Protein chains: 2
Amino acid sequence: MKVADVSLTSFFAPRSIAFIGASDDARRIGGRPLAYCIRDGFAGPLYPINPSRDRVQGLTAYPSLDALPGPADLAVIAIGAAGVPDAVAAAARQGVRAAVVLSSGFAEVGEDALQAEMIAAARDGGIRVLGPNSLGVFSNEGGVCATFSSLLENGPVAAGKLAIVSQSGAYGAHLAMLMQRRGVGIARFVTTGNEADVTVADCILHMAGDPAVSVIGCYSEGIADGRAFLRAVEAARAAGKPVVMLKVGRSDTGRQAAASHTASLAGDDAVFDAVVRAAGVERVETTQQFVDLLYTLCRRPPVSGNRLGILTVSGGAGVLMADAASAAGFELPFMPQAAQAALKRRIPFGSAVNPVDTTAQAMNDPTLMRDAAAAMLNHGGYDAVVCFFMNWPDSPIIGPGLREALEAALVDHTDRTVAIAMNATEETRRSFDAAGLLVFEDPSHAVAALGASRRLGEALARDAVTQPDLPRPDPLPSGPFDEFEAATLLAEGGVTMAPIVEGETPEAIAAAAQTLSGPIALKIRSRDLPHKSDVGGVRLGLLGEEAIRSEAQRMHQVVSGAAPDATLRGFVASPMAAPGVELLIGGRVDPSFGPIVTVGLGGVFTEIFRDVAIGLAPLTSTEAEALLRSLRGWPLLAGARGRAVADVDAAADAIESLSRFVARHREVIEAVEINPLVVHPKGQGAAGLDAVIMVRTDVPSGN
Amino acid sequence: MKVADVSLTSFFAPRSIAFIGASDDARRIGGRPLAYCIRDGFAGPLYPINPSRDRVQGLTAYPSLDALPGPADLAVIAIGAAGVPDAVAAAARQGVRAAVVLSSGFAEVGEDALQAEMIAAARDGGIRVLGPNSLGVFSNEGGVCATFSSLLENGPVAAGKLAIVSQSGAYGAHLAMLMQRRGVGIARFVTTGNEADVTVADCILHMAGDPAVSVIGCYSEGIADGRAFLRAVEAARAAGKPVVMLKVGRSDTGRQAAASHTASLAGDDAVFDAVVRAAGVERVETTQQFVDLLYTLCRRPPVSGNRLGILTVSGGAGVLMADAASAAGFELPFMPQAAQAALKRRIPFGSAVNPVDTTAQAMNDPTLMRDAAAAMLNHGGYDAVVCFFMNWPDSPIIGPGLREALEAALVDHTDRTVAIAMNATEETRRSFDAAGLLVFEDPSHAVAALGASRRLGEALARDAVTQPDLPRPDPLPSGPFDEFEAATLLAEGGVTMAPIVEGETPEAIAAAAQTLSGPIALKIRSRDLPHKSDVGGVRLGLLGEEAIRSEAQRMHQVVSGAAPDATLRGFVASPMAAPGVELLIGGRVDPSFGPIVTVGLGGVFTEIFRDVAIGLAPLTSTEAEALLRSLRGWPLLAGARGRAVADVDAAADAIESLSRFVARHREVIEAVEINPLVVHPKGQGAAGLDAVIMVRTDVPSGN
């Protein structure tokens, strides 16, 4: 449906811009974009459109688009919602290739029909739309200011290599302003609003190929097309551009808040979290983390390893940072012996190991911290060094020497990062920052940002992980399915299920069960009884044809009495399972990411400890094994506490087959669950004992 | 050993101060305290002591303490470490009651003997010592500046009701400076350094009774006497003074860093965390959290309930704050219908529910946010309201009206708190702050601080929990103990253990086992075989005297062959356990908090999921049940997934008895573990199946 193959270049680098609803008042929403474009020196023609004025903000105004003296690449629309569909259609007729719709009053307030009308006009005319309900787009190169954001209201924005891509207009602008305040220049700023056409994913994909952009910061409340989002972030990753994501709506409360104010369709946050992190995106929880990390990435290359050095003037801060380093996955290797010995002579009351603690003694000897810092960079072999300097950088005696020494040491180590936590004036902070040193206030935040930078560095360095294509959709026979049908369908789909036989009568099931070896489990067969044991519909450990027959007869009576409304379809029988580790493996269709699989140890591990791993379907058995290994309970499969090592290969094969089943039948399936999948000791396989397939009720199924 | 009954008044309110090692140079460590006292107008006599000068910093100097014209309450010692013991002794002789030892070079660099000598002199003379290696003490009332901290170097510190109590000098000063920068006045500042005498706990106890102090912020790396610390924080709690704690050394790495630079003895951080939180202390992880929360507590009373209102000009920020509110345990009740309807008329494109989202529309109508804020306070019934206003408070059109409206609304709601996240100038921030509104930068941090304030409010409101006194220490018979002895000792101590019999020979154990009913478990008896099953020393489900005898004979041969060095002491037998939920309950003696108990579900729940609760021993069965209820796995005891409800009363009784056992024998025991304690269905009791008692090897035991 989307015209996704048309590039977004006309938004970010238009040759000319028309302003529909241009106001002469530069403070109004309709006046701001034009005023900003004039101020920032947009190089091409600017066409204010206003039927009631000859001139707007000093430029010739035009009564309508068809009166323009030349073509307009981009239209900025700031008129009442009701007029927008016509304006979009008119723009398309005049050859406009892209429209920014600043107007509100569409799906976000329930006016879905008006939004649909507008987007239909855009598609008919082959024009891309940003919005509606967008704060617009800003491209620093060339002064493209198709936005009324207050980001631009205090003068031109400093240039840089950061792109801010935000669904929310106001919060996106807030984030961009915080980056500005942190001294980080901005190349691109775009807010997608209702995403009737252009999405956050589209913008990230654009940034992946935009040479002006090196780092991408993204805010979103919900991703409608998760797979498109993953393709976009993979393009960014492959282009060496880290993506930092503030995705809100983590909690139920948050998702309710999101639903009440936007038209965005949020999938399950746990699914988002798992697959987006697996794709190499760094997801942050707070605004502070977002700003700290983008600042770090825009200033230095990603931290290249997990060896962290700590330099401090306070032992207490050293311990605090060591705690933070541990949480961030850093190691704190000691300084080499010779370097330690040399330093220790200088700081008899301090520590020269790591953390290196100069103590307050450094106050009396300004060369001390300088030399310690240089020693750590030159001899410590640390990938990053984090320092705590209190308010000393403000000291005219200590500050400048320290800054110069660190700057000089960094010259020989362009791949290293030095971060400094300090409580200092803005001027001092800027001077350290200008020397290539990262400046933070909170030492824990500094360490956390370095840790996140390292994770992103690892993600950028790894080989591409291309998503497997989704198979051609395949319908299923008409549901709903009882247990026997579900097990049979899954077995046909390649999942190893325990043998199962069925029989309509006690005699039939008793006879059928003779094909199974050993004692069997007998169950009533019905689509209407999800909890069969509650109504006496399960009996374990039966041996011999007569025992099975008589028990089946009795079971039918008991269940008929306990559940008179259920339609009983006979019986099923399976051999009793040999012991093993029980997994719960399932699949479902996420509204954002489509078919997914979830794996966990069954029972309380899943229900209470929420120890579940999630992956996109279909996946390979190698990927399935990686999911199993990511479980906290993995040691149970790996042979913890004297247990046998489980047949992980067989479990992974079952998960792979399940994932293909879910992917193939994604248009009819709501959820599939195999509980338990019993994983026997290594070499002895794995088998699903019980299965449920739930089909969607909103689509017709059947062959 | 400690002279803990002597008050600390002479540190915080001395009538006169002597400065031993007073320097005429006000920038040096020996000169700063005197200079600060002069500047801040200390009301009593100041006595610089310097044998080589007549005058120091304009005051008459004295060659030694015995030359003083009057008594000195407090001595500030800033001389080389070697001279400190004599100086302390001399001070004591002259009637000085308290000494601040700023000098370093004691236990923190391995000079334990010198520190011991100094502290012996202090005890002999009945004088309290702060330090050594302390940055000193500052009492704002009366200008007591017995410190060289740079906290004081930019002029007098603004008065307030906050006390900062810090083990670390430098980090304590950093924290105090951050509070200052946040506009929070400071009443007391004290750093305890090596804590040779006065500890962080002593200082908190002092603050509990100090009328100038209402809020206490504490930094520590390790608490040597955990029980004294708990008594101090309970005194503060009972006095209505919240305690916020930044305790570092959470991680192994952090504890190593702490050990390498201080003389502090850190107990297990998990124990600290559990018992200190249970005592109503709010433990924070980062400096930012510390500052945010103390700021909140110094400005407003603790948040009185969990009803949070959210007001935002950005829907995105609303979702973000809703996530943070969920994490902080807040509820977001809707606005009442009438108030919603009135608001919704004003903001057709926004939301009037909760979050209330005025959208950018508020930019065009300055009265809108003002009225929305007032409506939330007057009609919403929220205990706290958190707002996101972007950079709008800086706007001369919007800012002042908004501030005044919120200030006016708060007049009628002195028990409510309004926090505002904004990106604004220092001047704007201060003006909102001065109006009684809390000002933050990061909206997530604002919500987190409100949540912590609420938890502290709950802690302050609850009844006192007095620690049970430790019983009189009781020795044990000589260890080590084998399984039979351990089970017998615990059973004598009141813990319900499964029946166990012993026998030296196969015949004896076979005969003894006839007193047990049903099949039995047979084990080899030895102190040398902790893992008996590994050497063939366990056999389950034996029935009948002859079967037991012959199996015991075989077992003796097998074990003798597998573990030829182990001394075999015969056999033990127990009945096979009826099914139930297995707990692991244990006790040990924490270096800081003394006897403690830990409870968890056994096996992987404890080992992999670390689902363990910790309490001080001895505890009551009610407290034991509370520990069980705090486990994530509690549903397993409460009857989850169709299980029987377990006999929690019996389990709690067993834990109580174990806790008394550990407390009574704390001087000889290192650890006790009952694994498993099988908890049978309700009414059927609980019994320990296996027990280990480890005794200390460094103390003699025995009757």
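**Exercise 1.** Q57(B) sits in the loop between β3 (55-56) and β4 (59-60) of chain B; describe its backbone angle and state whether Q57(B) is buried or exposed.

*Solution.* The model is predicted: local features need pLDDT of at least 70, side-chain atom pairs count only at pLDDT 80 or more, and totals for chains, interfaces and linings use all residues. Residues are numbered from 1 along each chain as its sequence is written, chains are lettered from A and ligands numbered from 1 in the order in which they are written, and side-chain values use heavy atoms, with hydrogens and water left out.

Step 1: strands (E, at least two residues) and helices (H or I, at least four) are DSSP runs, numbered from the N terminus. Step 2: Q57(B) is not a glycine, yet its phi is positive, at about 50°. Step 3: buried means under 20% relative accessible area, exposed over 50%, and partly exposed in between (1.4 Å probe, protein chains only). Q57(B) has a relative accessible area of 18%, so it is buried.

**Exercise 2.** Place M390(B) in chain B and give its phi and its accessibility.

*Solution.* Step 1: the loop between β18 (384-388) and α14 (399-411) of chain B holds M390(B). Step 2: the phi of M390(B) is positive, at about 50°, although this residue is not a glycine. Step 3: M390(B) counts as buried because its relative accessibility is 3%.

**Exercise 3.** Describe the peptide bonds that lead into P132(A) and P618(A), and locate both prolines.

*Solution.* Step 1: the bond from G131(A) to P132(A) is cis, with omega near 0°. P132(A) belongs to the loop between β7 (128-130) and β8 (136-139) of chain A. Step 2: the bond from A617(A) to P618(A) is cis, with omega near -5°. P618(A) belongs to the loop between β27 (612-616) and α21 (621-629) of chain A.

**Exercise 4.** How many of the 10 residues of helix α3 (residues 84-93) of chain A are buried, and what covers them?

*Solution.* Step 1: the buried residues of α3(A) are V84(A), P85(A), A87(A), V88(A), A90(A), A91(A) and A92(A). Step 2: seven of the 10 residues are thus buried, so the rest of the structure largely encloses α3(A). Step 3: the cover of these residues includes β1 (17-20), β5 (74-77), β6 (98-101), α4 (112-125) and β7 of chain A; contact means heavy atoms within 4.5 Å. Step 4: just after α3(A), G95(A) has a positive phi of about 90°.

**Exercise 5.** Find the helix that holds E485(A) and list the contacts of E485(A) beyond its neighbours within four places in sequence.

*Solution.* Step 1: E485(A) is part of helix α17 (residues 483-492) of chain A. Step 2: its relative accessibility is 17%, so E485(A) counts as buried. Step 3: with neighbours within four places in sequence set aside, E485(A) is in contact with P480(A), R525(A), R527(A) and R569(A).

**Exercise 6.** What relation superposes chain A on chain B?

*Solution.* Step 1: copies are superposed by least squares on the C-alpha atoms of residues with pLDDT of at least 70 in both. Step 2: chain A falls on chain B, with RMSD 0.1 Å, after a rotation of 180° and 0.0 Å of shift along its axis. That is the relation of a two-fold axis. Step 3: the same surface serves both copies, since 99% of the contact residues of chain A recur in chain B. Step 4: F609(A) is the residue of chain A that comes closest to the rotation axis, with its C-alpha at 3.9 Å.

**Exercise 7.** Describe the contact between chain A and chain B by its residues, salt bridges and elements.

*Solution.* Step 1: chain A gives 73 residues to the contact and chain B gives 72 residues. Step 2: a salt bridge is a side-chain nitrogen of Lys or Arg within 4 Å of a carboxyl oxygen of Asp or Glu. Four salt bridges are counted between chain A and chain B. One salt bridge joins R250(B) to D323(A), whose closest N and O atoms are 3.9 Å apart. Step 3: elements giving two or more residues to the side of chain A that touches chain B include α5 (169-181), α8 (252-261), α10 (287-299) and α11 (315-327) of chain A. The largest share of that side, nine residues, comes from α11(A).

**Exercise 8.** Which residues are in contact with L320(A), leaving aside its neighbours within four places in sequence?

*Solution.* Step 1: L320(A) lies in helix α11 of chain A. Step 2: L320(A) is buried, with a relative accessible area of 2%. Step 3: beyond its neighbours within four places in sequence, L320(A) is in contact with P443(A), S444(A), Y171(B), L246(B), V248(B), E285(B) and T287(B). Step 4: V157(A) is 163 residues from L320(A) along the chain, and their C-alpha atoms are separated by 36 Å.
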